[in-house]
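Dear colleague,

Please find below the structure that I am handing over to you. I should be grateful if you would read the notes after it alongside the coordinates.

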Amino acid sequence: MERRKCIGVFIGQPNLPFQTELIKHIKNHAFAVGSNVVIFSSLIYTNAYEHFQDGESQNIALANFDTMDAVIVVPDTFFIERKEILEYVRSNFSGPKVVLDMEAEGYHPFFSDDKD
């Protein structure tokens, strides 16, 4: 049996409306073409900002890039620095990388128009 392709999505605050819609559309398209999706995410907890950032950084480190065929990063949704997450993915994954709503070296940019 052939292995299904897998897309890794790095997105914070998945409970917010924009992120929920984005995840839904990525999932629907991926499943329609026979691919899997794995989401690496975390929620916002305002009570322990420093500890939250530490936990969020460790959550990203759980990614097994060997199982992914492409990666989508939505850096503005995380508390940690954009550069930090983009560099982590760039240095650990050699496949196609997409970044949402910005340009970054080594990534294909995708700009969303979510006015409506």
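The notes below begin with the chain as a whole and then turn to one loop residue and one helix. Please bear in mind that this is a predicted model.

**The chain as a whole**

The chain contains three helices and five strands, and their order along the sequence is β-α-β-α-β-α-β-β. Of its 116 residues, 34% are buried. Among the contacts with a separation of 6 or more, 59% join residues that are 24 or more positions apart. The exposed area of the chain is about 7,500 Å², and 53% of that area comes from carbon and sulfur atoms.

**Thr77**

Thr77 lies in the loop that runs between β3 (70-74) and α3 (82-92). Its relative accessible area is 7%, so Thr77 falls under the 20% limit and counts as buried. The Thr77 side chain comes to 2.7 Å from the backbone oxygen of Val74. When neighbours within four places in sequence are set aside, Thr77 has contacts with Ile11, Gly12, Gln13 and Gln19.

**Helix α3**

In α3, the buried residues are Ile85, Leu86 and Val89. They line one face of the helix, because they fall within an arc of 95° when α3 is viewed down its axis. Lys83 and Ser91 are exposed, and they sit on the face of α3 that is turned away from the buried side.

Yours sincerely

Notes
Residues are numbered from 1 along each chain as its sequence is written. This is a predicted model: local features need pLDDT of at least 70, side-chain atom pairs count only at pLDDT 80 or more; totals for chains, interfaces and linings use all residues. Side-chain values use heavy atoms; hydrogens and water are left out. Helices (H or I, at least four residues) and strands (E, at least two) are DSSP runs, numbered from the N terminus. Buried means under 20% relative accessible area, exposed over 50%, partly exposed in between (1.4 Å probe, protein chains only). Contact means heavy atoms within 4.5 Å. Accessible areas come from the Shrake-Rupley method with a 1.4 Å probe; for residues, only the protein chains shown count as cover. A polar contact is a pair of N or O atoms within 3.5 Å; within protein, one must be able to donate a hydrogen and the other to accept it, and residues adjacent in sequence count only if both atoms are side-chain atoms. The arc is that of the directions from the helix axis to the C-beta atoms.
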